[in-house]
Amino acid sequence: MRSQMGNQTIDHVSTGYSPESSKRKVVVAGYFGFGNTGDEAILRVTLAGLRRYLPDTEIVVVSGSPDGTAKAHSVRAVSHTDVSAIISEVETCDLIILGGGGLFHDYWGADASVVLTRAHSGVAYYAIFPLLATLLEKPLLLNAVGVGPLFSDLSKQYTRMAFEGSTSATVRDAESKELLVTMGVNEDHVIVTADPAFLLARSSDDRAKSILEAEGLSPGSSLLIGVALREWEIGVQTESWSIEVARALDRLIETFGATVLFLPFQNLEDDLTNDCRASMAVRQQMRRQEHAIVVQSESAPEDMAALLAQCQIVLGMRLHSIIFAANARVPVVALVYDPKVLNVMRQLRCEEFALDLGTMDADSLFGAVETVLKRRAAIITQLDIAVT
């Protein structure tokens, strides 16, 4: 997967630049500043690439939390709701980078009336950058984005407009490109790469062990199962799948003497983006909850990747928990709530261990984890081949 990424992103970043320009400026936008560990990892890798290959470039990030983004990434940032500031930054930039991440989906619909207003969100928000790029004649890179599912004609129209209006476009999986082609986008315009987070360097083992020790865990004392869940109720019932996960984890604790480490990837106030609350809900349904810990402190992407590297197996619902684990050659059983989860398991050639959230039960989940543990050495070798 790393070879699939290579320097491809940076090669495309340079598209449209004027080499004689003395001070270049790049505007970077995506799902940044919303406390999502995976998207912050994507931003970290994107900024590192820009700084390495395009030094002395001014970088401005459009963010849900400008102050937090500025502090965490040492950049200048503007609010995603400040439309006038966004327009001003784009007017004076040399390049817009949109992504990466799973930006083009419409689980919650799309509303044309909120485009270029403080209320914009989802596809209607991401569509403003291709629109501004066209109106202001700025080059646009769509950087390793995910596409789909798209249910409404308006969302498909905005997504097609974004790709047709881009100077260069990469997607993070073949399925995204296939969907775009069915929507009429020229297949030659879209290059398949991989999620930028595959290039994230994790923190040291010592750093991870110190975090675990602060949580009362002694690394290596038992089978450590990393679990990265999120709230999800579209097409499924949370009460149903969460109790099945709890039952499977109880059985794993009783069978293997395991310790369960819940690792929240996002902790905003609403239920959908509060992984800590979702993890606590599953833990409360476990009989053996004394053997399960929910890490409640916020972790930088590098630290989260290091914590997952300390696990012997990961149960991943969050996409980037799977990517971080695979990078560390830690086998994964995935809970598929969105096509992107199945897509990355296919990239890793571990599709047989991707369980549909709606049909999974405690027996099938326990069986998948048990099989992975038995075949752990072979799967590690497979991950090494897929990720390298």
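Burial, compactness and salt bridges

In this predicted model, 56% of the 388 residues of the chain count as buried.

Q: Why is the chain called as compact as a globular protein of that length?
A: The radius of gyration of the chain is 21 Å, and the globule rule gives 21 Å for 388 residues, so the chain is as compact as a globular protein of that length. The chain has 17 helices and 13 strands.

Q: What makes R76 and E58 a salt bridge?
A: The cut-off is a side-chain nitrogen of Lys or Arg within 4 Å of a carboxyl oxygen of Asp or Glu. The N to O distance for R76 and E58 is 2.7 Å, and their side chains meet in a salt bridge. R76 is in strand β3 and E58 in strand β2, 18 residues apart.

Q: Why is D303 called buried?
A: Buried means under 20% relative accessible area. D303 has 10% relative accessibility, so D303 counts as buried.

Q: Why does R207 count as partly exposed?
A: Partly exposed lies between the 20% and 50% limits. R207 has 40% relative accessibility, so R207 counts as partly exposed.

Q: What makes D303 and R207 a pair that ties together parts of the chain?
A: Their side chains meet in a salt bridge of 2.9 Å, N to O. D303 lies in helix α13 and R207 in helix α10, so the pair ties together parts that are 96 residues apart in sequence.

Q: What makes D250, E254, R287, R288 and E290 one network?
A: Salt bridges that share partners join these residues.

Technical notes: Residues numbered from 1 in each chain as written. Predicted model: local features only at pLDDT ≥ 70, side-chain atom pairs only at ≥ 80, totals over all residues. Heavy atoms only, no water. Helix = DSSP H or I, 4+ residues; strand = E, 2+ residues; numbered from the N terminus. Rg over C-alpha atoms; globule rule 2.2 N^0.38 Å. Buried < 20%, exposed > 50% of the residue type's maximum accessible area, 1.4 Å probe, protein only.
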